[in-house]
Amino acid sequence: MCPAAVGVGLAESGLRLRRGRCRSKVSGAPLVEPELAAGDGGLCSKQPSKPRPKPRGRAMGLVLLAAITMLAFATRFHRLHEPAHVCWDETHFGKMGSYYINRTFFFDVHPPLGKFCAFLGSWLIPFAYLTVLELSRSQPAALLAAALLTFDTGCLTLSQYILLDPILMFFIMAAMLSMVKYNSYADRPFSAYWWFWLSLTGVSLAGALGVKFVGLFIVLHVGLNTVSDLWQLLGDLNLTMVTLGKHLAARILCLIVFPFILYTTLFAVHFIILNRSGPGDGFFSSAFQSRLLGNNLHNASIPEHLAYGSVITVKNLRMASGYLHSHWHLYPEGVGARQQQVTAYQHKDYNNLWIVKKHNANTDPLDPSFPVEFVKHGDIIRLEHKETSRNLHSHQHEAPMTRKHYQVTGYGVNGTGDSNDFWRIEVMNRKSENRIKVLRSQIRFIHLATGCVLGSSGKTLPKWGWEQLEVTCTPYLKETPNSVWNVEDHINPKLPNISLDVLKPSFTEILLESHMVMIRGNSGLKPKENEVTSKPWHWPINYQGLRFSGVNETDFRVYLLGNPVIWWLNLVSLGLYLFLGSIITVSLQRGIQLTTEMKGLCQVLLHGGGQVLLGWLLHYLPFFLMGRVLYFHHYFPAMLFSSMLTGILWDTVFRFCACYLQSFSLINWMHIFGISFLILGIAYSFYLFHPLSYGMVGPLAQDPQSPMAGLKWLETWEF
């Protein structure tokens with residue numbers, strides 16, 4: 001069942017039509033296959049069986065598809081070499097190509113697949129054409145949808161730069177097309193074509209998720225379609241349980257197992273290629289870093305278990321945090337107690353070294369006459385800074401930057417301090433063993449006097465703190481990466497060294513860690529200085545664009561903005577679809593008699609339109625729930641679906657109007673004129689706004705000599 005109310009009505013109306021195909025007075029194309037058996041597939045309803053096109057019609061269809069594809073490639077590759085400089089996020093994604101070539105490890109908040117843009121972006125148009133053609137059985141509807149995407153300046157701009165969005169949208173549209181194709185073969189289950197399209201759907205899902213995590217939205221779309229499909233099959237009493245089991249197994253294999261294997265394979269290749277130390281090391285755990293060539297932990301040999309007297313470095317598990325660090329500098333007047341600073345430092349440094357000591361003894365644990373004593377979960381310890389001989393200390397003075405957190409300092413003389421230097425060590429991921437394992441044990445330090453937890457807030461200290469990261473003691477005991485640490489470097493002459501190779505994480509562990517780091521990175525994204533962000537309600541109304549390049553008259557300026565004629569037509573179409581869909585649903589529920597042809601048009605509108613409306617909802621509404629920074633380009637996957645809905649809607653509206661006319665020539669003329677008028681209007685608007693995509697130099701929009709003079713229809717547009 002569709003979540004949209006307009007998609008529910010027909011499914012609940014119990015409408016069953018006579019056998020035989022009804023054909024449109026306009027095109028003669030079959031509109032619906034009535035009396036569909038359960039199991040014909042598709043969300044909200046059954047798709048009509050695939051008609052056999054006449055040879056001449058098939059040839060014309062292929063010619064039209066070829067022309068659409070050629071126009072798509074022509075618009076995307078035109079002036080592709082301009083500008084000669086890097087624009088917007090090409091700074092990041094272009095650099096990643098060189099990292100792969102040099103096999104240098106880097107960190108990205110997105111999965112690794114999305115690194116070829118104009119080529120894949122060009123395929124969005126033929127994919128949309130074929131999808132709408134499959135859902136509506138109408139070439140005019142498909143042609144209108146293709147025109148909307150071909151002449152949209154926003155889609156064009158995104159496709160011409162080294163960005164993830166065109167690659168993501170390629171796989172989203174490939175998954176959508178494959179899904180409606182395998183639905184159309186529901187009357188021939190387990191045939192070669194059925195298996196092909198079902199498998200291709202799984203491949204496309206893996207691709208979409210392998211580019212960006214928002215690929216989950218198309219996964220959800222296909223999942224809902226599959227659940228509806230299986231539910232309808234369950235209601236077909238002609239199918240045996242064995243056949244139902246085969247249907248279920250086929251979907252599990254092609255839509256879950258196969259995509260999962262492909263997705264994990266992408267990461268395996270990613271990790272194999274990027275095997276050298278690089279700028280991404282610090283985002284990952286010490287154990288992860290030990291597998292990278294050139295990292296100081298690679299092929300290192302250190303003692304495995306922590307003992308008293310050991311000299312260690314302690315790394316915070318918060319992404320992009322650092323090592324527990326101290327130096328001779330004191331906190332300034334007015335910032336807590338004027339004691340020695342303790343910070344988190346993101347680089348290797350001698351001031352990161354600490355000595356592990358018992359809380360109630362000043363004897364030297366490294367004295368050969370004393371036996372080795374290992375540190376265990378629950379032990380109370382002191383951490384003495386090796387360089388300054390001051391103890392890690394906390395008290396109820398407020399932290400320098402984080403309110404309601406306590407200040408952490410270095411205190412004492414030659415290791416002698418007070419009871420505020422005592423910390424209880426806890427192992428968060430322990431199983432049966434209580435000892436602390438280098439790299440692998442995740443530990444917390446609980447301050448004995450106040451009960452607070454040692455952590456790094458991630459906030460950058462002012463210049464008096466050398467712009468290092470703030471370390472605090474938080475009274476909130478909830479386990480977070482900010483308050484979890486691991487031992488990295490470990491020196492103890494009384495203990496045997498082991499190769500860190502035995503501590504290297506497995507593929508499953510690094511796969512899970514990389515996903516946790518990506519998720520935290522995504523949620524923690526903040527806007528750059530002077531960067532334009534936006535809110536989800538801005539997007540459908542084309543409220544504000546995004547400057548890709550240039551500001552002044554002498555600059556080469558590119559501005560990401562949707563073609564306003566297309567975007568506002570899509571917005572009107574969404575409202576009109578909901579209005580018409582509601583009327584049709586109520587009419588069918590009330591049993592109002594309609595002609596066979598009108599019933600067919602209703603089914604196309606509700607079920608074909610319902611599929612793409614669901615896609616729009618799933619790719620748009622979740623952004624209202626996201627806490628991360630959002631940009632205008634996040635709406636473009638949803639825009640693909642709204643454009644397809646516009647194509648289906650207006651083609652159906654023109655057919656509805658034609659049904660009330662008697663003259664066949666007038667009907668045919670009206671339908672052709674309506675679709676042609678929309679396409680020509682869209683093409684002309686592209687002619688007006690194309691400088692936004694292809695770039696412009698010279699006067700700004702407010703100058704009468706500017707190519708954009710008179711086209712700044714909203715004050716929020718910044719071109």
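Helices and strands are DSSP runs, numbered from the N terminus. The model described here is predicted.

The loop between S12 and S13 holds Ala449. Ala449 has a relative accessible area of 49% and is partly exposed, because the exposed class begins over 50%. Ser419 lies 30 residues from Ala449 in sequence. In space, the two C-alpha atoms are 7.2 Å apart.

The cysteines were examined next. One disulfide was counted. The bond joins Cys452 to Cys473, with an S to S distance of 2.0 Å. Distant parts of the chain are linked by this pair. Cys452 sits in the loop between strand S12 (443-447) and strand S13 (453-460). Cys473 belongs to strand S14 (residues 469-474). The two cysteines are 21 residues apart. The torsion about their S-S bond is about 95°, so the disulfide is right-handed. Cys452 has a relative accessible area of 0% and is therefore buried. Cys473 is also buried, with a relative accessible area of 0%. Two further cysteines were assessed for accessibility. Cys254 counts as buried, because its relative accessibility of 4% is under 20%. Cys657 is partly exposed, with a relative accessible area of 33%.

A nonpolar patch was found on the surface. Its members are Trp195, Leu248, Ile252, Leu253, Ile256, Val257, Phe260 and Ile261. Together they have about 720 Å² of accessible area. Helix H11 (residues 241-273) supplies the largest share of the patch, seven residues. An α-helix has 3.6 residues a turn, so residues three or four places apart point the same way. Val257 is one of the patch members, and its place is in helix H11. Val257 counts as partly exposed, because its relative accessibility of 34% falls between the cut-offs of 20% and 50%.

Helix H15 was examined for length, bending and cover. H15 spans residues 596-620 and has 25 residues. From its first C-alpha to its last, H15 reaches 35 Å. This is close to the 36 Å expected at 1.5 Å a residue. The helix nevertheless bends, by about 35° at Gly610. H15 is mostly covered, with 23 of its 25 residues buried.

Terms used:
Residues numbered from 1 in each chain as written. Predicted model: local features only at pLDDT ≥ 70, side-chain atom pairs only at ≥ 80, totals over all residues. Heavy atoms only, no water. Patch = residues over 30% accessible without salt bridge, like charges linked within 9 Å, V, L, I, M, F, W, Y side chains within 5 Å. Areas by Shrake-Rupley, 256 points an atom, 1.4 Å probe, with all protein chains shown as cover. Salt bridge = Lys/Arg side-chain N within 4 Å of Asp/Glu carboxyl O. Helix = DSSP H or I, 4+ residues; strand = E, 2+ residues; numbered from the N terminus. Buried < 20%, exposed > 50% of the residue type's maximum accessible area, 1.4 Å probe, protein only. Expected span 1.5 Å × (residues − 1). Bend = angle between axes of the 7 residues up to and from the residue. Disulfide = S-S within 2.5 Å.
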